[in-house]
Amino acid sequence: MEKEIYIQLLNEGTKVYRPVQGKEIESNRYEIKGNDIYNPDIEEWEFVPGSIVIVEQQMMEGDLVLVAVKEYVKD
């Protein structure tokens, strides 16, 4: 199942997030999609498409959203 998750953009001078689709792997793990919108010449994403990330629910502008907080590294 795909859901919208938020990826932090780096080097923007303030916290900025990019909404992107993520494929749920487990309850709090997603594979980042977005190859069609990812352009490293324009934006530096904290996690690039294809990365597996851990997400947390966070309030953002009054809405509860899924935010990628760290890359999942298999033990």
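**Exercise 1.** In this predicted model, determine whether Glu26 is buried or exposed, or lies in between, and identify the residue with which Glu26 forms a salt bridge.

*Solution.*
Step 1. Glu26 has a relative accessibility of 41%. Buried means under 20% and exposed over 50%, so Glu26 counts as partly exposed.
Step 2. The partner is Arg29, and the closest N and O atoms of the pair are 3.1 Å apart.
Step 3. Arg29 has a relative accessible area of 17% and is therefore buried.

**Exercise 2.** State how many salt bridges the whole structure contains, and describe the one formed by Arg18.

*Solution.*
Step 1. Side chains of opposite charge can pair when their charged atoms come close.
Step 2. A search of the whole structure yields three salt bridges.
Step 3. Arg18 pairs with Glu43, with 2.3 Å between the closest N and O atoms.
Step 4. Arg18 belongs to strand β2 (residues 16–26), whereas Glu43 lies in the loop between β3 and β4 (44–45); the pair therefore ties together parts that are 25 residues apart in sequence.
Step 5. Arg18 is partly exposed at 27%, while Glu43, at 14%, counts as buried.

**Exercise 3.** Which element gives the largest share of the largest nonpolar core, and which residues of this core does Val53 touch?

*Solution.*
Step 1. The core has 12 residues, including Ile5, Tyr30, Phe47, Val53 and Ala68.
Step 2. Two or more residues come from each of β1 (2–10), β3 (29–32), β5 (52–60) and β6 (63–71).
Step 3. Strand β1 gives the largest share, three residues.
Step 4. Leaving aside residues up to four places away in sequence, Val53 touches the core residues Ile5, Tyr30, Ile32, Phe47 and Ala68.

Methods:
Residues are numbered from 1 along each chain as its sequence is written. This is a predicted model: local features need pLDDT of at least 70, side-chain atom pairs count only at pLDDT 80 or more; totals for chains, interfaces and linings use all residues. Side-chain values use heavy atoms; hydrogens and water are left out. A nonpolar core is a set of buried Ala, Val, Leu, Ile, Met, Phe, Trp, Tyr and Cys residues joined through side-chain atoms within 4.5 Å. Buried means under 20% relative accessible area, exposed over 50%, partly exposed in between (1.4 Å probe, protein chains only). Helices (H or I, at least four residues) and strands (E, at least two) are DSSP runs, numbered from the N terminus. Contact means heavy atoms within 4.5 Å. A salt bridge is a side-chain nitrogen of Lys or Arg within 4 Å of a carboxyl oxygen of Asp or Glu.
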